[in-house]
Every structure is written in C-alpha cells, then in structure tokens.
Amino acid sequence: MPKHFRYRSIEDLQQDIDRLGLNEDIPLTEDLDPLWRPIRFGDRTIGNSMAVHPMEGCDGHLDGSPDELVFRRWRLFGEGGAKLIWGEATAVTEEARANTRQLWLHDGNAASFEALLAQTREAHRAVLGRDDDLVIGLQLTHSGRYSYRKPLIAFHDPAADPVTLVDKKRKIPVTPDYPVLTDAELGRVEDALVNTAVLAWKLGFDFVDIKQCHRYLLSELLAARLRNGDYGGSLENRTRLVRNVIGRIREETNDKLPLATRMNVYDGIPYTTDPDTGTGTPRAPYPVPYLSGFGVDADDPLREDLSEPVAVAGLLKEAGIGMINATMGSPYYNPHVGRPAERSPVDGYDAPEHPLFGVARHFRAASALCAAHPDLHIVGTGYSWLQKYMVNAGAANIRDGRVTVMGSGRGALAYPDFAKDVAEHGEMIRKKSCITVSYCTALMRGKHNELGQFAVGCVPRDKIYADIYKEMLDTAPEP
C-alpha cells in the first residue's frame with residue numbers, strides 16, 4: 001500500500017505541501033494554460049511546454065539498433081501530445097554502453113535510427129495533425145564508471161569507488177590501483193561524441209543532448225577536482241571536454257544543430273541500507289570537506305550548493321548550449337535523490353525523506369538556474385511522483401518563470417499520452433498515471449536472459465511489461 005500518496009484532490013496535496021513547509025518550492029495551479037506556451041529553440045518552435053524525458057527501455061538489439069519495443073515506445077511518445085521528445089540515452093561507442101541492449105548509434109545501423117525518427121513523426125502527425133512543431137532530440141552518452149563491460153572512471157572517488165563494482169557477482173569494488181582514463185582516452189571520447197552528434201544531425205534529429213547526468217562519465221568529470229591533467233582540478237578543466245565537444249559540433253554542423261544537455265545540478269552522496277530499519281542512510285565514512293561531488297555543499301554534503309552548477313550553465317550557454325534539462329543524483333547509490341518514489345527499487349532502500357522533499361529539491365534547483373539565466377531554456381524534472389497533479393505543478397512553475405518546460409520521465413513510460421489527455425479533458429487521468437513503485441527499475445536490474453538485459457517499461461500500466469516482469473521473476477536464478 002502507498003505510504004505517502006493518498007491525495008484525492010489538489011487541495012489534499014496542497015495541505016501536505018503546507019504541512020511540510022514546502023509551499024515556496026512546490027507551487028500548484030489549476031490554470032493549465034502555461035503548458036501550451038510555444039518555445040523557440042534554435043530555428044524550430046516547440047509547440048507546447050511539455051516534454052518526454054530520455055527514458056531508455058534497455059531493449060535495443062545487440063548491435064545497438066532499436067528493436068520493435070523501441071519503435072513502439074517512441075511511437076507512443078509521438079502520439080502522446082508532448083511537443084518535445086528528448087530521445088533516450090544512446091551510446092557513442094560500444095564500450096560506453098550501460099547495458100548490452102542500450103542503443104548505440106553508428107554508421108552500420110544509422111538507417112534504423114532514421115526509420116525510428118520518421119515513424120515517430122508519422123505517429124505524431126496521424127494523431128495531432130501536424131509535426132512541424134514537434135522537436136525530437138537524441139541523448140548521447142558515455143556510461144563511464146557504469147559501463148557494462150568494466151568501469152571506465154575519470155578519477156578515484158573516495159565516496160563512489162567503494163560502491164563501484166569491478167566484479168558484480170563477487171561484489172568486488174574498484175581498488176586504489178584501478179586505472180583511470182587518460183587524457184588521451186578522454187580525447188577519443190570527445191571524438192566519439194562529435195562524430196555521433198554529426199551523424200544524428202545528418203539523420204534529421206532536431207538537436208542532440210550531450211549527457212552530463214547521474215554520474216556517468218561527463219557528469220563525473222564535472223566533479224573531478226581530484227583528477228590531475230587537462231580534465232581535472234579547476235572548473236575550467238572539469239568543463240573542458242564538454243566545451244570542446246560543443247565547439248567542434250558547432251563547427252562541423254555549420255552551427256545548424258541546436259545543442260542541449262541533461263545535467264546533474266546536485267550529485268548527493270552514496271547511501272546504504274540501514275540493516276535494522278531498511279531505510280537509506282549516508283554511507284559512512286564520507287570525507288568532509290567533500291570534494292568529489294558536483295553541486296554538493298563541501299561542508300555539509302547532504303545539502304546542495306548550486307553555485308558551480310549555475311556557473312557551469314553560464315559557461316555552457318556561452319559555448320552554445322541552448323537548453324538544459326536539470327536533474328540530480330545517481331540511480332546506483334542514491335536513487336531517492338533523482339527519483340522520488342512511492343516504493344524503493346528492488347535493490348534499494350526505503351527513502352529517508354518524504355518524497356515531497358525530493359520533488360522540492362528538483363524544483364528549487366531548476367528555479368535557481370532559471371533565475372540566473374533567464375535566456376536559457378530549462379527543462380524541469382522530478383514531477384512523476386505527483387501523479388495526475390504533476391501538470392498542476394508544471395504549469396505553476398512555468399507561470400512563475402521557475403522553469404521553461406515541464407518534463408516527464410517515468411510518468412511518460414506509464415502514461416505517454418498525458419499531454420493529449422490534458423488537452424482533451426483539462427486534466428490527467430488518475431488510473432493512467434505512474435504510481436512510482438519502481439518496477440521499471442527492477443526490470444532494468446534484470447540481466448539473466450540470453451541478451452543479458454530484460455526490456456524496461458511500466459509494469460502496472462502496460463501488459464507487455466507485466467508479462468516481461470513475470471518472466472524475469474520466473475526465470476530468476478536461486479540466490
């Protein structure tokens with residue numbers, strides 16, 4: 001049974017927000033008109049202010065090309081009414097993949113991505129009547145320390161290394177002598193990001209996202225104070241790779257490809273499960289000052305310090321980024337930070353806070369970026385736990401200038417046509433909304449099939465994934 005979400009009206013939700021002292025961070029409104037504001041991005045117009053976040057299904061073919069479930073998911077997003085589809089994490093090299101079925105774009109499978117894009121647009125036209133105001137991007141990723149073959153780390157992180165496993169079966173973590181990516185290897189990562197971005201542009205994607213979130217490689221570099229060389233230490237060095245990539249993409253596309261980034265604005269610290277309560281607790285000991293996090297207060301790492309994220313947003317804007325999707329946390333060691341949820345992941349812990357505190361943290365961070373850079377488009381995150389009321393919060397944040405776009409991640413996996421329903425009914429439908437019980441994450445953790453990865457989707461709302469979930473449980477090896 002739900003522990004927190006019992007709200008039957010927007011008034012019920014507002015009462016809890018007030019009770020917890022979060023009314024300044026989580027505004028609500030019943031006037032949803034702000035959701036329909038168009039947005040100019042590059043030379044394109046996004047037809048409304050709702051987005052689908054880059055939610056990957058871990059369901060590509062082994063060669064990185066999309067399979068039938070990818071086409072189905074993107075088609076549903078296309079039919080769903082949101083005018084910004086932020087295409088899912090797509091690796092730039094094979095070794096950069098987070099799992100065996102993560103998408104990976106290269107010359108050998110480019111035609112399948114072109115078909116995916118065309119079918120998504122066709123689905124949107126069939127339902128909405130036009131697609132000239134639909135903007136579709138692709139998120140380019142390097143998984144870094146979470147690459148599935150082996151961790152590819154940017155520096156030795158005293159907090160993250162003990163929970164970064166070299167051997168997952170035997171639970172063996174990174175050791176102090178484990179190799180760190182060299183500057184030359186990072187230079188080759190730059191090449192791969194640029195080459196894949198140019199290929200995506202030639203295929204017709206409207207923008208690319210240079211992924212810097214959730215402590216994957218470029219996100220980790222933002223925190224690389226403890227790294228030596230050209231890519232570590234100073235903020236200039238820690239942003240060198242992403243700024244180089246932006247400049248080279250702009251040059252190779254004649255500045256015709258709009259650029260975005262999904263960026264962590266608060267990493268948080270690793271958590272572990274309290275054996276007595278099952279609740280998440282900071283993994284001890286953690287060093288203070290805490291020097292291996294981005295957006296983290298060095299003297300109190302349980303709190304955010306947004307001074308560097310705000311500064312980096314400015315550097316990225318100057319370099320040529322036009323849109324930032326603000327997010328936070330790591331799904332591997334503090335999932336409650338990035339994904340406020342009603343139920344913890346199967347390998348997780350019970351959240352140490354009411355989910356509304358996590359929602360508030362997301363909203364507060366996005367608002368800080370908007371206030372500092374009003375000419376930069378900010379896509380907000382952290383809405384899914386609010387279920388059908390996420391659009392009420394999104395509209396209020398847009399109205400107040402605290403965000404440009406409301407994005408939905410897990411919520412869109414469960415309810416891809418949420419925007420269309422808001423247009424037709426003036427609200428989201430409760431029985432279609434994501435209930436944040438983390439079955440999608442459980443599927444992501446499932447590796448025991450012939451492809452090394454189960455496909456991911458919404459188990460409570462989509463029978464296809466309910467059947468896959470049952471198969472995963474039925475075939476699970478003995479502990």
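Reader: Before the size check, how is the radius of gyration defined here, and what's the globule rule?
Author: The radius of gyration is taken over C-alpha atoms, and the globule rule is 2.2 Å times the number of residues to the power 0.38. For 479 residues, that puts a compact globule near 23 Å, and the protein has 21 Å, which agrees.

Reader: What kind of model is it, and what got filtered?
Author: This is a predicted model, where local features need pLDDT of at least 70 and side-chain atom pairs count only at pLDDT 80 or more, while totals for chains, interfaces and linings use all residues. Residues are numbered from 1 along each chain as its sequence is written, and side-chain values use heavy atoms, with hydrogens and water left out.

Reader: Ok. What box do the C-alpha atoms fill?
Author: Roughly 60 × 55 × 50 Å, taken along the principal axes.

Reader: And how much of the protein is buried?
Author: Buried residues make up 60% of the 479. Buried means under 20% relative accessible area, exposed means over 50%, and partly exposed is in between (1.4 Å probe, protein chains only).

Reader: How much surface does the protein expose?
Author: About 18,600 Å², with carbon and sulfur atoms supplying 50% of it. Accessible areas come from the Shrake-Rupley method with a 1.4 Å probe, and for residues only the protein chains shown count as cover.

Reader: What about contacts far apart in sequence?
Author: Taking contacts between residues at least 6 apart in sequence, 73% join residues at least 24 apart. Contact here means heavy atoms within 4.5 Å.

Reader: How many helices and strands?
Author: The protein has 15 helices and 15 strands. Both are DSSP runs numbered from the N terminus: helices are H or I with at least four residues, strands are E with at least two.

Reader: Let's do strand S4. Which strands does S4 pair with?
Author: S4 covers residues 84-91, and eight of its eight residues are buried. Strand S3 (residues 50-52) runs parallel to S4, joined by two bridges, with Val-52 opposite Ile-85. Strand S6 (residues 135-141) is also parallel to S4, over seven bridges, and Leu-84 has Val-135 as its bridge partner there. Then S5 (residues 103-104) pairs with S4 in the parallel sense over two bridges, with Thr-90 opposite Leu-103.

Reader: What counts as a pair?
Author: Two strands pair if DSSP finds at least two bridges between them.

Reader: Now S14. Which residues are on its two faces?
Author: S14 (residues 377-380) has His-377 and Val-379 on one side and Ile-378 and Gly-380 on the other, and all of these are buried.

Reader: What are the neighbours of S14?
Author: Strand S13 (residues 321-328) pairs with S14 in the parallel sense over three bridges, and S15 (residues 405-408) runs parallel to S14, joined by two bridges. Val-379 stands opposite Asn-325 and also opposite Val-405 in S15.

Reader: Which helix goes with S14 and S15 in a β-α-β unit?
Author: That's H11 (residues 390-399), and the unit is right-handed. Right-handed means that, with the strands pointing away from the viewer, the path from the first strand over the helix to the second runs clockwise.

Reader: Switching topic: how many disulfides?
Author: Zero. A disulfide is a pair of cysteine sulfur atoms within 2.5 Å.

Reader: Why is there no bond for Cys-213?
Author: Because the closest cysteine sulfur, in Cys-58, is 14 Å away, too far for a bond. Cys-213 is buried, at 1% relative accessible area.

Reader: And what about Cys-370?
Author: Its closest cysteine sulfur is in Cys-213, 18 Å away, too far for a bond. Cys-370 counts as buried too, at 8% relative accessibility.

Reader: Where are the cis peptide bonds?
Author: One joins Ala-284 and Pro-285, with omega about -5°. Another joins Val-288 and Pro-289, with omega about 5°. Pro-285 is in the loop between strand S12 (280-282) and helix H8 (307-319), and Pro-289 is found in the loop between S12 and H8 as well.

Reader: Which residues other than glycine have a positive phi?
Author: Among them are Lys-171, with phi about 60°, and Gln-387, with phi near 55°.

Reader: Are those two buried or exposed?
Author: Lys-171 is exposed, with a relative accessible area of 60%, whereas Gln-387 is buried at 10%. Lys-171 lies in the loop between strands S7 (165-167) and S8 (172-173), and Gln-387 is in the loop between S14 and H11.
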